[in-house]
Amino acid sequence: MDQIIIEGGVPLHGDLVISGSKNAVLPLIIAGLLSDRKLTLRGTPRLADTQTLADMLYTLGAEVEEFGRGPGEGLSVTAADLSSTRAPYALVSKMRASFWVIGPLLARAHEAQVSLPGGCAIGTRPVDLYLKGLAAMGADIKVEGGYVNATAKGGLRGARIELPFVSVGVTHVLMMAATLAKGQTIITNAASEPEVVDVGRCLQAMGARIDGLGTRVVTITGRDRLDGADYTVSRDRIEAGAYALAVAATGGDATLTGIDENVLGALVPAMRLAGVDFCTEGNANEPVLRVIGPRGRPHATCVTTEPYPGFATDLQAPFMGLMCCADGVSRVRETIFENRFMHVQELTRLGANISLLGDTALITGVPELLGAPVMATDLRASVTLVIAGLMARGTTRISRVYHLARGYERLEEKLSACGARIWREAS
Ligand code: UD1
């Protein structure tokens, strides 16, 4: 297994080109199951998670093909015939988002047998809201032997679905399913995350009728079939946020190409309070955000995770990385997932002073972190350890870095180009 080695203490300078969004491309690939025509997706990132999903689509009888190199590169999904409606445990357990195939399978093939994804490191993550929503659309659902067996004889039908709280995945699945349901579906308390908007826009390009994207009420009027489309995926706001934090944490000055400040939601105001400056450069086609790290230690800043445009839970751990060396005590509250503090123990190995009280972490800033061996525990925790390693004096060795390949394309290459001393070694 590879390790990532970082010799910290170098301020980042240069340009980081942001890749296509992981959290958008996964449901977009799944959306390809809704049509018998080719869906072309451009600007897609090359990640372990997209490969896992391609394997899943292959077992369902669909083809995912990568094409090109450079700016026009991407992948195409062709699901002319669905030869299977069974999503096996071996693939769903690798990546939770594979469960989302349940929506398109039910909508198009009127049946699905999808393995339960099980728990994961950041919490129990149940699927009750998916099942309730699909049942409201007329699906008959049984959970047996670790699988959700769902049928919708005669097809799904539109329904009014009020979600008790915002869920990104449930919004994706119900919106996709509703595009081929009979009649109108209204989802209230829907997620308004940019990735949901991305998926909705692609579905519209495929001929779906959707209103209210980016708001809490999304209305979908079902059609008999969807077409193919050629769609360009948005850039990854979570990758961009992590790099903005890395630049700030090292006291650097660097640009993020392809990302608009607005899409980062509550991150930018929180970082401004911490003493980080931002300026918008570039143009509407290719926005560029310049991040200028604080002079001296960042100010202690408090954040609470919330659905978009609130502070993203996927940036909670990386933000805590920056706060480790803040001047004062910061408070980070996690309200989306129940156990998303796995990174805390590893940060303390680097000398951070963090105490946990229920859903809240109190971080007493220390003047500096010191390099140490640490272990990545999940996707967003791993990038936090990279940020902390870049800040720390001395050498940090991060093990179990396969988590990083799930969500950050060419991370070492991008950071090295900005001066970071970071490389990969086989252990
Ligand atoms: C997606 C993102 C993930 C991000 C999260 C929240 C992808 C591939 N993943 O995950 O990076 O951290 O949104 O922004 O896009 N819940 C239930 N019952 C359900 C479904 C969800 O209780 O049936 C709960 C979850 O346990 C969690 C909360 O709802 O506490 C929100 O999670 P959700 O928005 O569904 O996260 P994902 O879509 O899985």
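**Entry 1: strand β5 and its partners**

I looked up Glu 65 in this predicted model and found that its bridge partner in β5 is Ser 76. The two residues belong to a pairing of strand β4 (residues 63–67) with β5, which I recorded as antiparallel with five bridges. I then turned to strand β3 (residues 38–42), which is also joined to β5 by five bridges and runs antiparallel to β5. Within that pairing, Leu 41 has Leu 75 of β5 as its bridge partner. I checked the burial of strand β5 (residues 74–78) as well: four of its five residues are buried.

**Entry 2: the open sheet around β7**

I next traced a sheet of four strands, open and of mixed pairing, with the order β6-β7-β9-β8. Its edges are β6 (86–87) and β8 (140–144); each has a single partner strand, so one side of each is left without a neighbour in the sheet. Strand β7 (residues 111–115) and strand β9 (residues 147–151) pair antiparallel, and I noted five bridges between them. One of these positions is Glu 111, whose bridge partner in β9 is Thr 151. Helix α4 packs on this sheet and touches β7 and β9; I recorded about 160 degrees between the direction of α4 and that of β7.

I also examined Arg 86 and Tyr 147. The charged end of Arg 86 sits over the ring of Tyr 147, at 4.2 Å from the ring centre.

**Entry 3: aromatic pairs**

How many aromatic pairs does a search of the whole structure find? I obtained two. In one of them, Phe 99 and Tyr 130 meet edge-to-face, with 5.4 Å centre to centre and 80 degrees between the planes. Phe 99 is in the loop between α3 (89–92) and α4 (102–109), while Tyr 130 is in helix α5 (residues 128–136), so the pair ties together parts that are 31 residues apart in sequence. I noted that Phe 99 and Tyr 130 are both buried.

Phe 311 and Phe 319 also form an edge-to-face pair, with 5.3 Å between centres and 70 degrees between planes. For burial, I recorded a relative accessible area of 3% for Phe 311, which is buried. Phe 319 is likewise buried, at 0% relative accessibility.

**Entry 4: helix α11 and the β20–β21 hairpin**

In helix α11 (residues 342–349), I listed His 343, Val 344, Glu 346 and Leu 347 as buried. The buried residues of α11 pack against α10 (316–323), β20, β22 (373–375) and α12 (379–391). After α11 comes Gly 351, for which I noted a positive phi near 105 degrees.

β20 appears in this packing, and I followed the strand onward. Strand β20 (residues 353–357) and strand β21 (residues 360–364) run antiparallel and are joined by five bridges. Leu 356 has Ala 361 as its bridge partner in β21. I recorded the two strands as a hairpin with two residues between them, and Gly 358 in the turn has a positive phi of about 60 degrees.

**Entry 5: Lys 22**

Is Lys 22 buried or exposed? I found Lys 22 buried, with a relative accessible area of 6%. Lys 22 belongs to helix α1 (residues 22–31). Setting aside residues up to four places away in sequence, I noted that Lys 22 touches Pro 45, Leu 47, Asp 49, Asp 236, Leu 379, Arg 380, Arg 406 and Gly 407.

**Entry 6: Gly 228**

I located Gly 228 in the loop between β13 (217–221) and β14 (229–232). Its relative accessible area is 18%; the cut-off for buried is under 20%, and Gly 228 therefore counts as buried. Apart from neighbours within four places in sequence, Gly 228 is in contact with Ser 35, Arg 37, Lys 38, Ala 205 and Met 206. I also took the C-alpha to C-alpha separation of Gly 228 and Glu 281: 35 Å in space, for 53 residues in sequence.

**Entry 7: the whole protein**

Finally, I turned to the overall values. The protein has 14 helices and 24 strands. Of its 427 residues, 56% count as buried. The radius of gyration is 21 Å, which agrees with the value near 22 Å for a compact globule of 427 residues. I recorded spans of about 65 × 45 × 40 Å for the C-alpha trace along its principal axes. Among contacts with a separation of 6 or more, residues 24 or more positions apart account for 73%.

Key. Residues are numbered from 1 along each chain as its sequence is written. This is a predicted model: local features need pLDDT of at least 70, side-chain atom pairs count only at pLDDT 80 or more; totals for chains, interfaces and linings use all residues. Side-chain values use heavy atoms; hydrogens and water are left out. Rings of Phe, Tyr and Trp (its six-membered ring) pair if their centres lie within 6.5 Å; planes under 30 degrees apart count as stacked, over 60 as edge-to-face and the rest as tilted. Buried means under 20% relative accessible area, exposed over 50%, partly exposed in between (1.4 Å probe, protein chains only). A charge sits over a ring if NZ of Lys or CZ of Arg is within 6 Å of the ring centre and within 35 degrees of the ring normal. Two strands pair if DSSP finds at least two bridges between them. Contact means heavy atoms within 4.5 Å. Axes are lines fitted to C-alpha atoms, for helices over the stretch in contact, and angles run from 0 to 180 degrees between N-to-C directions. The radius of gyration is taken over C-alpha atoms; the globule rule is 2.2 Å times the number of residues to the power 0.38.
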